[in-house]
Amino acid sequence: MADSVLYEVHDGLATITINRPEAMNAMNTEAKVALREAALAAAADEAVRAVLLTAAGRAFCVGQDLKEHIGNLAADREAGTGQTMSTVREHYNPIVRALTGMRKPVVAGVNGVAAGAGLGFALAADYRVVADTAKFNTSFAGVALTADSGVSWTLPRVIGPGRAADLLLFPRNIDAREAYDLGIANKIVPAADLATEAAQVARALAEGPTLAYAALKESLAYAAGHSLDEALDKEDELQGRAGASEDHAIAVQAFIAKEKPKYLGR
């Protein structure tokens, strides 16, 4: 895997670190491919029970690397093609699908600016631990583009369609406190403590009931596009699966014994 994205698995926790600090973790082609492969690897690895997505340096991710992008656009004009924008289909969509669809929780440790696709990656996580110095920005309209990286789906579901339209039509920096008030940030911590706090949250999830977390992710995604009756039927289906898991039996036994459960993730 390229150095632009680091990938490590330890005791059930996969840590994915965007590692282009000199470019504020802007996504060039190498980084996009590497992040896609890391997310897919974490999703497919049964030994991974939770994922921490974070970044090196002072930014989380400022989105597309515009220096590379402008060169690609020039090459497109020269060749008479539109290959540059296929990056949405080839890179951004698979990354977001992997993060949102994997059957394990994903924590974003947002250490700095998350803009454009970087905002999309953060919103694709199930839980966001945010440094008090972090900022969020949709950015897309500012460079005459529309939303990608799932932002048109995730942002309205997190903050509501009216506020999402406002932030997409009139991009501006959202600081950590406003992000928390809007529901974008789940937890704000001092910047110096971000790495430790985000890792602790992700570690707690890695040690939790993995199948139950997977069912919760599935039920939330399903309910977003279905009726109450359909959601109730889905809950019935998923609860049947969760109830048959070893972790449920462990949890019940631990509750009766007044002990802390030690989950197996199955």
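**Close-up views of a predicted model**

**Figure 1. Helix α1 passes helix α3 in a left-handed crossing.** Here is the pair of helices to start with, taken from a predicted model. Helix α1 covers residues 29–44, and helix α3 covers residues 87–101. Their axes lie 9 Å apart and meet at an angle of about 30 degrees. Angles under 35 degrees count as roughly parallel, and α1 and α3 are therefore roughly parallel to each other.

**Figure 2. Side chains and backbone where α1 meets α3.** Zooming in on the same pair, which residues of α1 and α3 make the contact? On the α1 side they are T29, K32, V33, L35, R36, A39, L40 and A43. Facing them from α3 are T87, E90, H91, Y92, P94, I95, A98 and L99. How do the residues of this contact divide into nonpolar, polar and charged? There are 10 nonpolar residues, with three polar and three charged ones besides.

**Figure 3. The setting of the helix pair: a protein with 11 helices and 10 strands.** Stepping back, the C-alpha atoms fill a box of roughly 70 × 40 × 35 Å along the principal axes. A compact globule of 266 residues would have a radius of gyration near 18 Å, so the 19 Å of this protein agrees with that expectation.

**Figure 4. Burial and contacts through the chain.** Of the 266 residues, 44% count as buried. Among contacts with a separation of 6 or more, 68% come from residues 24 or more positions apart.

Technical notes:
Residues numbered from 1 in each chain as written. Predicted model: local features only at pLDDT ≥ 70, side-chain atom pairs only at ≥ 80, totals over all residues. Heavy atoms only, no water. Axes fitted to C-alpha atoms, helices over the stretch in contact; angles between N-to-C directions. Helix = DSSP H or I, 4+ residues; strand = E, 2+ residues; numbered from the N terminus. Parallel < 35°, antiparallel > 145°, perpendicular 65-115°, else oblique. Left-handed = near helix turned anticlockwise from the far one by under 90°. Contact = heavy atoms within 4.5 Å. Nonpolar A, V, L, I, M, F, W, Y, C, P; charged D, E, K, R; others polar. Rg over C-alpha atoms; globule rule 2.2 N^0.38 Å. Buried < 20%, exposed > 50% of the residue type's maximum accessible area, 1.4 Å probe, protein only.
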